[in-house]
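Got the viewer open? Keep the selection panel handy and follow along, one stop at a time.

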Protein chains: 2
Amino acid sequence: MQTLDVALGDRSYPIHIGCDLLTRAELILPHLKRKQVAIVTNTTVAPLYLERITQTLRAADISVIPIILPDGEAYKNSETLNLIYDALLENRCERNTTLIALGGGVIGDLTGYAAATYLRGVPFIQVPTTLLSQVDSSVGGKTGINHPLGKNMIGAFYQPQLVLADISTLSTLPPNELAAGMAEVIKYGLIRDLEFFEWLEQNVAKLNALDTDAMSYAIYRSCRNKAEVVAADERESGERALLNLGHTFGHAIENAMGYGVWLHGEAVAAGTMLAADLSRRMGWLSADDVTRISKLLVAAKLPVDAPDLGVERYVDLMGMDKKVVDGKIRLVLQQGIGKSVITSNYDADALRQTLSAIGKG
Amino acid sequence: MQTLDVALGDRSYPIHIGCDLLTRAELILPHLKRKQVAIVTNTTVAPLYLERITQTLRAADISVIPIILPDGEAYKNSETLNLIYDALLENRCERNTTLIALGGGVIGDLTGYAAATYLRGVPFIQVPTTLLSQVDSSVGGKTGINHPLGKNMIGAFYQPQLVLADISTLSTLPPNELAAGMAEVIKYGLIRDLEFFEWLEQNVAKLNALDTDAMSYAIYRSCRNKAEVVAADERESGERALLNLGHTFGHAIENAMGYGVWLHGEAVAAGTMLAADLSRRMGWLSADDVTRISKLLVAAKLPVDAPDLGVERYVDLMGMDKKVVDGKIRLVLQQGIGKSVITSNYDADALRQTLSAIGKG
């Protein structure tokens, strides 16, 4: 097991990464304020892992309240959030009850937001069971829900007490969800870690085959990259926005296609290619580097072709994004591999060319 | 105008107290990140004060989005919260749009919670228009909404950029709401400020008559007391719970009678008398002091007789309260006037005697 400490002052917390962590109560116990937890999970993950972690905790004399939600991005909304509140209130959960998020990013975001807002804040622990949530959403304290008018529009910054990334849970992950997680892994290489990008080019086949050592290293290095960015900029005023590489395009894709039709990581991968294309048009990224990025994404079984929504629809959907400052769309763009910038200082026509070239390559 | 600074590190903010503050754009301007605000108010306050503050802001070249909600505690829920989110999203409000809460405690709590959670946090300004909200809910950063199973169960700690307590707005306040605010004013004297309690005994008639100097002093001193408590204990782990004098009983009363039937301050006043009665039974407060408290509450036109719900119903409703730790009910009780303690170290039978004595005095 490897452990990474996310340094956020009095909100610091450890991330444990390794095999079979769900059987190790001693990792969880020191973080509980009382011996009561509510485990929030969904109908897909519950049959796979709920009993395992519940047995582990009950054997350590911890009372467990299971809360099983419907599965899917479509349920990341206020109605599902209310199911959590209802269960917590019906069980009279108090301020020292710990919520445990057992599942992917949707469960983590919902549970973290419920923890941030139930009784104005209770402790929570992330147990991410997808690669995407292990390398992305369980690090950094972003929690929240979608609104009919936009993704992640309602939320809070709220840090967990602990993250347990059990890579054994990846064995039951559908291949497209493993690939979606790889999109975020590759992102860390692209935005700030050329060495890691090159390691990924060499090791992508091992990761596809769920090689334990390679996967553990990839998760550790991804989390370390994210933790460094988050520690420098917890509230997302500056550098943290680099983590949104491909996301402004990606959110537009997810929104247009309907949440859940494209997986988040798939939309980010296609969005990353749009960002790379725009970077190339600006003269900031070579055509060869665009090809390298594309090859790695393809090797990780990710889509590189964005859907053709039309230029106006893209611009409109991107304008709805949170990262707008005074009406101007800021984007994360590449300046070579391993270096990204957040800028609105790109050519608007080049953006339109990137968008109108979709489907014509 | 008097100004009080609430010291909370990088979340510090000023409270301005005085007449006709709604006409003074220069108090608001320095706190805006861009010249756009959304003013959240209700159907009662809007006809009285929305135009005044809107004109002030528009004359200073600030764009104003009005959001007018239905009035009443019954609307402090997730449906009304969604009306705020919808309006913010429809107007494409961004992270640097400031929300202004124009109204009483319900508007302040709803708006503050919307600000805490919209795009994971946008700035907000409190413009409380009731005595209760000026001395209580606009200081301390508690925001939130009710849940069908309990009051203020969902929320966040979130500080405003600024509080403008315009005492001119009290002239349109119904007498029972003025009295409800006085319950909280008196509370500060009871829990930690004997000198203020004695000042109130001398000046309660002036306050009932809305004497400007007396009211300004009472608000300033109340806010200072609350600010001192909050600064010492922002997240309510210790001393801050003293502010809940009368509230555990009071919430039970509000909950049982239906939210809005008893005003919050009225329920707190009756709850304060129950706490005083229990304190007397424990030998911590003299019968004379109980009489002094009762006389001051009556002079402030507040109810001192709690409704007779029956002992079991009280205990059950009080057990639902957030202030429960490991299943034990902690209460704020008096040890003389000007000194309160938070304790579960009282006699359970004495509590039952207090509750069963209701309606038999």
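**Stop 1: the two domains of chain A**

Select chain A and colour its two domains separately: their centres, taken over C-alpha atoms, are 26 Å apart. Domain 1 covers residues 2–171 and domain 2 covers 175–356. Keep in mind throughout that this is a predicted model.

Now look at where the two domains of chain A meet. Domain 1 brings 30 residues into contact with 30 residues of domain 2. On the domain 1 side, select strand 1 (2–6), strand 2 (13–18), helix 5 (131–137) and strand 8, each of which supplies at least two residues to the face that touches domain 2. Which of these elements gives the most to that face? It's helix 5 of chain A, with five residues. Colour the domain 1 side by residue class and you should get 16 nonpolar, eleven polar and three charged residues.

**Stop 2: chain A as a whole**

Zoom out until chain A fills the window. Switch to cartoon and you can count 13 helices and 13 strands in chain A. Along the principal axes, its C-alpha atoms fill a box of roughly 60 × 40 × 35 Å. How does the radius of gyration sit with that of a compact globule? For 361 residues such a globule would come out near 21 Å, and chain A has 20 Å, which agrees. Of those 361 residues, 53% count as buried. Draw the contacts in chain A with a separation of 6 or more, and 74% of them turn out to join residues 24 or more positions apart.

**Stop 3: a buried isoleucine**

Next, select A:Ile125, which you'll find in strand 6 (residues 124–128) of chain A. Is A:Ile125 buried or exposed? The cut-off for buried is 20 or more other C-beta atoms within 10 Å. A:Ile125 has 24 other C-beta atoms within 10 Å, so it is buried.

Show its surroundings. Leaving out residues up to four places away in sequence, A:Ile125 touches A:Ile28, A:His31, A:Thr98, A:Ile100, A:Pro160, A:Gln161 and A:Leu162. Try a distance label on one of them: the C-alpha atoms of A:Ile125 and A:Thr98 are 7.2 Å apart, although 27 residues separate the pair along the chain.

**Stop 4: the nonpolar core**

In soluble globular proteins, nonpolar side chains tend to be buried together. Here, the largest nonpolar core has 227 residues, and A:Val40 and B:Val40 are the ones with the most contacts inside it. Hop over to chain B and select B:Val40. Setting aside neighbours within four places in sequence, the contacts of B:Val40 include B:Ile67, B:Leu69, B:Ile84, B:Leu99 and B:Ile100. Further along the chain, B:Ala101, B:Leu102, B:Ile107, B:Leu110 and B:Thr111 are in contact with B:Val40 too.

**Stop 5: where the chains meet**

Show both chains. Chain A lies on chain B with an RMSD of 0.0 Å after a turn of 180 degrees and a shift of 0.0 Å along the axis. The two copies are therefore related as by a two-fold rotation axis. The same surface serves both copies, with 100% of the contact residues of chain A recurring in chain B.

Select the contact itself: 28 residues from chain A and 29 from chain B. On the chain A side, highlight helix 3 (78–90), helix 4 (105–117), strand 7 (142–147) and strand 8 (150–157), which each supply at least two residues. Strand 8 of chain A has the largest share of that side, six residues. By class, the chain A side has twelve nonpolar, eight polar and eight charged residues.

Note on methods:
Residues numbered from 1 in each chain as written. Chains lettered and ligands numbered in written order. Predicted model: local features only at pLDDT ≥ 70, side-chain atom pairs only at ≥ 80, totals over all residues. Least-squares fit on C-alpha atoms with pLDDT ≥ 70 in both. Contact = placed C-beta atoms within 7 Å. Helix = DSSP H or I, 4+ residues; strand = E, 2+ residues; numbered from the N terminus. Rg over C-alpha atoms; globule rule 2.2 N^0.38 Å. Buried ≥ 20, exposed ≤ 12 C-beta atoms within 10 Å, placed from the backbone. Nonpolar A, V, L, I, M, F, W, Y, C, P; charged D, E, K, R; others polar. Domains from an automatic or database assignment. Core = buried A, V, L, I, M, F, W, Y, C linked by C-beta atoms within 7 Å.
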